[in-house]
Amino acid sequence: MCMRGQETDDEVSDSGEEKLPIVFCKEYNVRFCGIERLVSTNTAAAKGDGIFRRLCEEDFIRESSVHRPRKEISRQELKVVHTKRYLNSLRWSVNVAKITEVPILLLLPIFCVERGYLRPMRFQTAGSLMAGDLALRHGWAINLGGGFHHCSGNRGGGFCAYADISLLIKRLLGSPHGVRRVMIVDLDAHQGNGHERDFMDDERVFIMDMYNASIYPRDKEAKVAIRRKVELHPYTQDREYLHKLRSNLDAALAEFPPDVIIYNAGTDILDGDPLGALSVSPEGVILRDEEVFKRAIRANIPIVMLLSGGYLRSAASVIANSVLNLSAKGLLPRRH
């Protein structure tokens with residue numbers, strides 16, 4: 001199956017090996033003529049490259065064994081969710097600077113912002129759609145990017161310019177594969193107010209959001225859309241975090257058995273992250289991912305993992321180790 005409007009590449013590499021349902025390309029990387037090194041939010045945008053290199057070093061993947069979007073997502077595809085007014089607003093550096101919360105972008109001409117930030121975000125968004133397609137075929141998929149959960153159809157924020165989660169869900173619900181119920185499991189440290197605003201009144205979408213209630217965005221209006229809300233105190237540690245995750249995820253799946261799970265796997269929950277203000281260890285993140293995948297794979301529910309936030313340089317290594325652990329535990333099955 002190929003999602004309408006989203007071009008995919010072959011399932012087998014030129015060497016004849018079957019590709020894993022992992023999505024990445026070098027066009028994901030955000031660049032501002034070197035300025036990105038001064039910006040903490042770029043750490044999140046660059047995680048995919050670090051994860052890819054680490055997984056290659058471990059001989060888990062190679063460049064030919066992953067899927068890559070051949071094109072960035074088009075304006076026409078973006079309009080499935082985004083308003084024309086919002087997309088037009090991205091033609092001005094001042095508006096993009098507000099979304100990224102990087103004031104220095106005000107000083108750059110829009111063609112630099114377009115090439116250095118917006119284009120990589122469109123490639124990552126295309127990657128999220130490709131991952132959805134792959135998950136329906138393989139049972140799981142991981143996009144080494146995406147998870148822009150602060151962006152809704154008519155506004156961006158929190159470094160999120162495109163609503164890839166909302167776009168992915170619209171595509172899944174419109175696919176010919178009978179997807180009627182989608183669950184978002186949002187475990188980024190921040191409330192996912194973008195997709196919550198987009199699916200406020202849609203009974204086909206169940207949102208479980210587990211986040212630090214004391215930090216950005218504190219969007220009370222969007223909270224109405226959360227059907228399983230888990231608000232954490234600052235500096236929550238592994239034991240409490242994992243206990244709340246297990247009990248609430250089990251309850252959510254019992255209440256709403258989905259056809260697909262969108263897993264927003266932010267690593268800004270890590271101890272020391274400058275924006276997440278939680279205290280989960282690297283081992284805790286690995287166990288978190290294992291708990292989510294274990295439930296999805298055992299219940300035969302396709303799962304799409306997106307990386308979302310994470311602002312420590314160590315985050316890429318933690319995610320790579322988590323992927324290796326999922327494989328070792330048999331939670332990344334090969335297609336039969």
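This is a guided tour of the predicted model, stop by stop, with a suggestion of what to select at each one.

Residues are numbered from 1 along each chain as its sequence is written, and side-chain values use heavy atoms, with hydrogens and water left out. Because the model is predicted, local features need pLDDT of at least 70 and side-chain atom pairs count only at pLDDT 80 or more, while totals for chains, interfaces and linings use all residues.

**The sheet**

Begin by selecting the strands, which, like the helices, are DSSP runs numbered from the N terminus (helices are H or I of at least four residues, strands E of at least two). Seven strands form an open sheet in the order 1-2-7-6-3-4-5, with parallel pairing, where two strands count as paired if DSSP finds at least two bridges between them. Strand 1 (22-23) and strand 5 (228-232) stand at the edges with a single partner strand each, so one side of each is left without a neighbour in the sheet. In general, strands of a sheet pair through backbone hydrogen bonds, either parallel or antiparallel.

At the strand 1 edge, select strand 2 (residues 140-143) as well: two bridges join strand 1 to strand 2, and the two run parallel. Here Ile22 stands opposite Ile142 in strand 2.

**Strand 6 and its neighbours**

Next select residues 260-264, which make up strand 6. Five of its five residues are buried, so strand 6 is largely enclosed by the rest of the structure; buried means under 20% relative accessible area, exposed over 50%, and partly exposed in between, with a 1.4 Å probe and protein chains only. Both faces are covered, with Val260, Ile262 and Asn264 on one side and Ile261 and Tyr263 on the other.

Add strand 3 (residues 182-186), which pairs with strand 6 in the parallel sense over five bridges, and find Asp186, whose bridge partner in strand 6 is Asn264. Then add strand 7 (residues 303-306), which runs parallel to strand 6 and is joined to it by four bridges; Ile261 stands opposite Ile303 in strand 7.

With helix 11 (residues 282-298) shown too, strand 6, helix 11 and strand 7 make a right-handed β-α-β unit. A crossover is right-handed if, with the strands pointing away from the viewer, the path from the first strand over the helix to the second runs clockwise.

**Helix 6**

Now select residues 110-138, which form helix 6. At 1.5 Å a residue, its 29 residues should span 42 Å, and its end C-alpha atoms are 39 Å apart, which agrees; the expected span is 1.5 Å times one less than the number of residues. A kink of about 35° lies at Leu118, shortly before the proline Pro120, the bend being the angle between axes fitted to the seven residues ending there and the seven starting there. Helix 6 is mostly covered, with 23 of its 29 residues buried, and it is followed by Gly139, whose phi is positive, near 95°.

Within helix 6, centre the view on Phe123, which is buried, with a relative accessible area of 4%. Leaving aside residues up to four places away in sequence, Phe123 touches Cys25, Glu27, Tyr28, Pro69, Arg70, Lys71 and Glu72, where contact means heavy atoms within 4.5 Å. The C-alpha atoms of Phe123 and Glu27 are separated by 6.5 Å, although these residues are 96 apart along the chain.

**The cysteines**

A search of the whole structure finds zero disulfides, a disulfide being a pair of cysteine sulfur atoms within 2.5 Å. Cys25 is in no disulfide, and the nearest cysteine sulfur, that of Cys56, is 14 Å away; Cys25 counts as buried at 3% relative accessibility. Select Cys151 next: its sulfur is 6.8 Å from the closest cysteine sulfur, in Cys160, too far for a bond, and Cys151 is buried at 1% relative accessibility.

**Backbone details in the loops**

Most residues other than glycine have a negative phi, and most peptide bonds are trans. Select Tyr216 and Pro217 to see a cis peptide bond with omega about 5°; Pro217 is in the loop between strand 4 (205-212) and helix 9 (220-223). Glu101, in the loop between helix 5 (93-100) and helix 6, has a positive phi near 60°.

Finish at Asn300, in the loop between helix 11 and strand 7, where phi is positive, near 60°. Asn300 is exposed, with a relative accessible area of 68%.
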